[in-house]
Structures are given as C-alpha cells and as structure tokens.
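Hi,

Here is the structure I said I would pass on. Have a look through it first, and then read my notes below.

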Amino acid sequence: MVDSSGTDTPLQEAGDDTIIWGQESDGRFRIGSAYKVAVEWLQENNHGDAAEGNHTKWISAWKWPGPNRLRHFLWLCLHNRLMTNSERKRRNFGDTDTCEFCKSGPEMTEHVIRICPLAAQVWQRLGLIETPLTHGLNFAGWMATNLKKEGTNLLFGVAAWLLWRRRNDWIFEKKFQESEILVHRIRAWAAVIKQAQDNNRQLLVDTTGDKTRQELAWQPPPADWIVINSDGSVKHPNSAAAAGGLLRNHLGRCVGAFVTNLGSCSITRAEIVGALTGLQLAWDQGHRKVLIHIDSTAALAILTGKDRDSRRYHNLTRRFQNLLQRNWEVHLSHSYRECNKAADYLANKAHGFSLGTHSFDISDSGLKFWILYDTMGITQDRLI
Ligand SMILES: [Zn+2]
C-alpha cells in the first residue's frame, strides 16, 4: 500500500490524470483511507518537515467544499502529480515537455493551472487574479490560499479542474474551448455543485428515523475497463417503454451511447433490453473487459438466473447468457439510480426516437452535461 521508493507521496502509480483511487480494492476514493496512508507513511519515514508541508496540502484539499473526486484532483495538483508533458517526458512516455498551447515553457502542473496564458485568461475573467495575499507564493501556497478563501474557493477548485480538462479535451477530442466559454462553464458547474449540496442538506433535514445515510456517486471503472450504465423508462398512461445506455472508460469519457424505443412493455423488460443492448455494443466495439451496472435489482436477478420469473424473459436472458459466454471478462453489478444520471437521461430521450435501437450522438450537449456530472462524482444522498 505504501510507496517505499522514497518519493514524497503516499500515492502509488497514481500520477496519471486518472480518477481511480489506488488505495481501495474497488478503486473508490475514500478520504479515510487516503488520510490513513498519508499519515502512516509520514510517521514511518519520519519526515518532520515534509510532514508539516504535506499536512497543509492535505488539509487544503480535504477541507475544500466540493465533491470528493475533485478533492482528489486538487490533491494531485498540490503534489505536482498531473500527467503533463513534463511528467510524460520524465517517464520516457513522450519526447517534448513544452506546453503545446503557448510554447513558452515546460508543461508542468503549475504551468497548466497557474502560469500558462490560457489559465491566466480564465483567472482574470473569473476575477481570481493574483492579490497581494497570493503574490510571490509558491504553487502549493497559492493553491492552498485560494482553496481556503471563503466565497470563491468552490469556484477556484472547479476552475482548476476544468482548466485541466480543457487540455485533455483538446488532446483526446481535438476540441478547444475558448476561455470565455470555459468561464461560463466554470460558473455553471460551481452553481450545480452548490445546488446538489443544498438538496442533500435539505434531504437530511426533511427525514427522521434511524436510516443510514449513504453518499452515492457514479464510479469509473479501473484502467483498461469499460463500464456500461443502462436504464429503462416507462411512461404512463400508455406504458410507452424505452431504454438507453452508454459506455465509458476509466477517465469517464463516453465511447458509445444508444437509445431504444420499445413501444409498450414492462419496466423490467426495458431494463433488460438496455443491459443487453449495452453489452452487445461493448462486444461490437471490441472491448474485452467490461463492467455492467444495472440499477434494477429485478432485472439483475433475472439476468443472473436468480429469479424464477426469468422464464418470461427467456429469449432475452438466453441472448444475454450467450453473449456472456464469449471470450471476454464481464462483471455485472447493481448500482443505484443516483449513480446513473447519464443513462437515465438517455432512457428518457429514447421515447422521442422511432421504434428500435439507434446510436446516440455522444456530442449531444445534454448527454455531455450528465456525463460531466457523473465524472465529477457529485453525490446524491440516499437513506438506506
Ligand atoms: Zn502554456
């Protein structure tokens, strides 16, 4: 669990721009495990000064008021751990360390977030320019100060994350977002996160009893894996049924989406069709390590043969079982609807299509909104 190579971080092999957390077997980021590992490592290695610095960095990320997954990202920033060109070159993954946007210096974490003219434009438009309070501070100090600053700290953290994503969107999708538009997005996302937090607080106030509160958020698959999220939807009074779903990689990027209009049928059938269509698409696209998250426990029980009712869906389950027996790794599991916002969106959209299955445009702005929502790990509370 603990890095023994003598570098200054408790995170092993986690320097990529991935959102997988290496300290838990399921890859989920948990504050508790991260803090425990950090503290243990510091104690074992007896790094008094480093401990002080790392403690400050830790607290800055940990106390930041946004979603956990973004805290993890901010923690990586504070430790200069983003997979930038400099980092790639250092590891012999690339041959240039130059920032390909401004070409004015090596692309390091500080360059991406603070120094690059592209970042400076955004800070200026957001009104978060250097103040006497931050001027002259080193990168970690500058970040820590901004992450603590009441009133603008949420905006600051979201901006840092979206600045990093803008670069990645350019690299992976060759789409560049102008700073003016990015600034609107940053403000909008800070507002969405705030709203989700207020809703959760409201939910807690409204309910009584001894139910346990669980925070639920979409989980990315491990590297090299694809996760399928599918969902069914039935609208009354005509029982108009539809399904939809999408395939995402470990970075949360969508690699395929579909919608199916089923005419009229039960919600369980719609859920099963959604899972089946997603699985078929994953196979057709050549993925061989696949997780399927299904939010309907009834559909899951039928697909895994644990429900006697499965005879009614014999044709569908047989097709599903045939697919499973091919030469690939597939894991089925249950996930709560709250973790499945993008699939929920697609299932609703599917009603507007003609009968049958259609591939869905992954650049659709509504879909992109819910994908980013899921990717940020914005939590919904559920009382279980
Ligand atoms: Zn630059």
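Which residue forms a salt bridge with Asp169, and how far apart are the closest N and O atoms? Keep in mind while you look that this is a predicted model.

The partner is Arg253, and the closest N and O atoms of the two are 3.1 Å apart. This pair links distant parts of the chain: Arg253 sits in the loop between β3 and β4, while Asp169 belongs to helix α8, 84 residues away in sequence. Arg253 has a relative accessibility of 10%, so it counts as buried. Asp169 is buried as well, with a relative accessible area of 15%. The cut-off behind both calls is under 20%.

Helix α8 (residues 153-173) takes part in another link of this kind. Arg167 forms a salt bridge with Glu107, with 2.7 Å between the closest N and O atoms. Again the pair links distant parts of the chain, since Arg167 is in α8 and Glu107 is in the loop between α4 and α5, 60 residues apart. Both Arg167 and Glu107 are buried.

Now try a pair with another setting. The side chains of Lys194 and Asp198 meet in a salt bridge at 3.5 Å, N to O. These two are four residues apart in helix α9 (residues 179-206), so about one helical turn separates them. Are they buried or partly exposed? Lys194 is partly exposed, with a relative accessible area of 42%, and Asp198 also counts as partly exposed, at 30% relative accessibility. There is a small network to find too: salt bridges that share partners join Glu87, Arg90 and Arg91. A search of the whole structure finds seven salt bridges.

Next, the metal. Which residues coordinate the zinc ion? Cys99, Cys102 and Cys116 each do so through SG, and His111 through NE2, at 2.1 to 2.3 Å. Along the chain, these donors follow the spacing C-x2-C-x8-H-x4-C. Cys99 lies in the loop between α4 (85-90) and α5 (109-115), and Cys116 in the loop between α5 and α6 (117-126), so this pair ties together parts that are 17 residues apart in sequence. Cys99 and Cys116 are both buried. As for geometry, the angles among the four donor atoms run from 101 to 117°, and the site is tetrahedral. If you want something to compare that with, the ideal angle for four tetrahedral donors is 109.5 degrees.

Last, the sheet. Six strands form an open sheet with mixed pairing, in the order β6-β5-β2-β3-β4-β7. Why is one side of β6 and of β7 left without a neighbour in the sheet? Because β6 (329-334) and β7 (356-359) stand at the edges, each has a single partner strand. On average, neighbouring strands here are turned by 20° against each other, ignoring direction.

Two of the strands are a good place to practise tracing a pairing. β2 (residues 226-235) and β3 (residues 240-248) run antiparallel, and nine bridges join them. For one position to check, find Ile228, which stands opposite Leu247 in β3. Then look for helix α10 (residues 267-284), which lies across β2, β3, β4 (254-264), β5 (289-294), β6 and β7. The helix runs at about 150° to β2.

Happy looking!

Notes. Residues are numbered from 1 along each chain as its sequence is written. This is a predicted model: local features need pLDDT of at least 70, side-chain atom pairs count only at pLDDT 80 or more; totals for chains, interfaces and linings use all residues. Side-chain values use heavy atoms; hydrogens and water are left out. Two strands pair if DSSP finds at least two bridges between them. Axes are lines fitted to C-alpha atoms, for helices over the stretch in contact, and angles run from 0 to 180 degrees between N-to-C directions. Contact means heavy atoms within 4.5 Å. Donors are N, O and S atoms within 2.8 Å of the metal (3.2 Å for Na, K and Ca); water is not among the atoms, so sites may look incomplete. Four donors count as tetrahedral if all angles lie between 85 and 135 degrees; four count as square planar and six as octahedral if opposite donors are over 155 degrees apart and all others between 65 and 115; anything else is irregular. Buried means under 20% relative accessible area, exposed over 50%, partly exposed in between (1.4 Å probe, protein chains only). A salt bridge is a side-chain nitrogen of Lys or Arg within 4 Å of a carboxyl oxygen of Asp or Glu.
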